[in-house]
Amino acid sequence: MSDTVKPVLEGVLEKGPPARLLGGYCPRCERKFFPEPFVCPVCQGAVERVPLSDKGILYSFALVRTKAPFGLPQPYAVGYVDLQADGLRIISLLDPERLEDLAIGMPMGLRVAPLGLGADHEPCLRYYFTPEASKENA
Amino acid sequence: MREVDIIGVGMTRFGKHLQTSFMDLATLPILEAMKDGGIRPAEIEAGFCSYALAGDLHGVITGGQTIFWQAGISRIPIINVENACCSGSSGLYLAWTGVASGLYDVAIVVGAEKMVVPNFGLLGGGDTELDILEGLVTPASFAMRAQRHMLQYGTTAEQLAQVAVKNRLHAGLNPLSQFREPITVEDVLNAPMIADPLTRLSCCPNADGAAAVILCAGTRAKHYRSDPIRLAASVLRTGSYQNPLDLVPWETDYRTCKAAYEQAGLGPEDLDGAECHDAFTIAEIMHYEAMGLCPAGEGGRLVESGATRLGGRIPVNTSGGLLSKGHPVGATGVAQVVEGVRQLRGEAGERQIPDAKVFLAQCMGGDKDADARTCTVNVLTR
């Protein structure tokens with residue numbers, strides 16, 4: 001069933017396995033962006049689509065207890081995750097099953113699964129980060 | 001650039017205006033401001049009309065032409081302005097650029113919003129941006145700043161709550177504020193949680209409301225009023241959207257305040273009062289720091305000290321702020337300047353800052369890549 005489920009936004013993720021986020025890379029500026037921009041916002045040159053790291057560190061997060069948008073579970077959490085390998089701080093939904101475990105600075109791993117609804121009100125694939133069991137990637 | 005003065009202001013009560021249409025609500029402060037400035041509609045050379053949500057909520061398109069025409073103002077350049085929570089102050093900025101440059105001698109800005117409608121819910125930012133689709137509602141964005149502020153500087157939930165308590169204390173002295181009953185720190189902490197650590201009383205409520213300001217070339221202002229208020233600086237900036245960007249401190253906020261102080265030739269030590277964009281309690285604490293009222297990280301301790309309460313060293317949000325007045329998005333940035341003008345004229349009644357001479361109004365709006373989309377700072381003097 002999930003084969004037909006569309007990503008939350010076209011071109012930002014691959015279901016896998018392995019699940020991956022897709023960003024843009026500017027070879028001239030040697031910088032990555034997420035999501036992939038139309039052109040490099042620094043030099044306006046063409047960007048290449050590249051996979052991003054599936055490991056990160058939780059920079060900050062919010063536990064949202066008000067009415068959840070897009071059919072997301074209630075409560076849910078959203079945060080900024082530092083993809084250190086890519087030099088990026090990205091916004092991400094966080095694992096709805098692990099809300100109690102979240103703490104700033106903890107290592108996180110990427111997941112992709114059907115979760116909530118898209119802008120078209122249809123079920124969609126979302127990326128989210130979940131606390132890593134081990135600290136070897138910290 | 002020429003000197004620019006404020007010669008007329010008007011503002012409706014913020015709250016529910018169920019029996020008044022959006023267009024009529026927006027017309028009211030224009031009529032009041034023209035009367036206040038002793039100026040006729042035909043003397044106004046340009047009009048800027050700001051709203052952010054009326055298009056979505058009421059199907060309004062180019063509402064300014066209808067609104068100004070109702071007030072007797074037509075034929076001249078009329079421009080409708082949307083810039084998130086800074087829509088109103090962006091209209092003011094445009095009016096300032098027009099008068100300061102010499103293009104117009106007199107220009108008016110009106111900001112209005114009518115948001116008290118069924119099922120409004122939370123203020124959003126569009127359904128096609130990835131951050132919104134991943135669950136970034138506005139309270140979450142500020143909750144994340146609060147979490148970082150608490151971690152980095154030891155700011156407490158009680159200090160955050162004290163912002164809401166202080167602003168409600170001020171609102172009790174402002175008949176135009178929506179909520180005026182005093183609240184306690186316990187009330188704020190025990191209110192339903194929206195996004196930890198922000199409770200319902202830590203978030204600004206929706207409101208209907210409108211405000212207007214008339215600007216005039218400094219050389220002509222005394223023709224209209226004996227006590228014009230100088231608009232000593234008007235600055236609009238946007239975010240850098242560099243990645244990674246720290247949530248705390250807020251670089252765009254600092255950068256905009258610094259530019260405004262430079263333009264005015266003044267510093268934070270010169271201020272007698274300020275309005276800032278307290279959409280959430282944590283926001284006011286971060287704006288203290290950007291406005292230079294205290295060092296980075298000290299905002300929580302500043303509100304706790306009482307310095308920003310009426311009677312303190314530098315009263316902030318004497319109007320009651322967004323937290324008590326409510327936040328009719330298009331009107332907010334103009335209403336802050338109306339409060340500043342009334343404080344500097346000595347017309348602020350029970351909430352008057354004694355002998356106020358310098359006032360700053362800071363506004364901030366929108367969310368993009370962990371930064372603001374807009375930030376405005378206006379400095380008023382007499």
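Me: What does UniProt place at residues 50-110 of chain A?
Reply: The UniProt record, an unreviewed entry, puts the feature "domain: ChsH2 C-terminal OB-fold" there. Keep in mind that this is a predicted model.

Me: Helix or strand over that stretch, residues 50-110 of chain A?
Reply: Strand is 51% and helix is 0%. The end C-alpha atoms of the stretch are 16 Å apart.

Me: On to the contact between the chains. How many residues does each chain give?
Reply: Chain A gives 28 residues. Chain B gives 27 residues.

Me: Which elements of chain A supply at least two residues each to the side that touches chain B?
Reply: Three strands do: β6 (55-64), β7 (76-83) and β8 (88-94) of chain A.

Me: And how do the residues on that side of chain A divide?
Reply: There are 19 nonpolar, four polar and five charged.

Me: New topic. How is chain B divided?
Reply: Into two domains. Domain 1 covers 4-119 + 207-231, and domain 2 covers 130-204 + 234-381. Their centres, taken over C-alpha atoms, are 23 Å apart.

Me: What does each domain of chain B put into the contact?
Reply: Domain 1 of chain B puts in 37 residues, and domain 2 of chain B puts in 34 residues.

Me: Which elements give two or more residues on the domain 1 side?
Reply: In chain B, they are β1 (4-11), α4 (87-100), β4 (106-114), β7 (208-217) and β8 (229-237).

Me: Which of them gives the most?
Reply: α4(B), with seven residues.

Me: What kinds of residue make up that side of domain 1 of chain B?
Reply: The side touching domain 2 of chain B has 23 nonpolar, nine polar and five charged residues.

Key: Residues are numbered from 1 along each chain as its sequence is written. Chains are lettered from A and ligands numbered from 1 in the order in which they are written. This is a predicted model: local features need pLDDT of at least 70, side-chain atom pairs count only at pLDDT 80 or more; totals for chains, interfaces and linings use all residues. Two residues are in contact if their C-beta atoms, placed from the backbone, lie within 7 Å. Helices (H or I, at least four residues) and strands (E, at least two) are DSSP runs, numbered from the N terminus. Ala, Val, Leu, Ile, Met, Phe, Trp, Tyr, Cys and Pro count as nonpolar, Asp, Glu, Lys and Arg as charged, and the others, Gly among them, as polar. Domain bounds come from an automatic or database domain assignment. UniProt positions are given in the numbering used here, feature names are shortened, and annotations may be inferred rather than shown by experiment.
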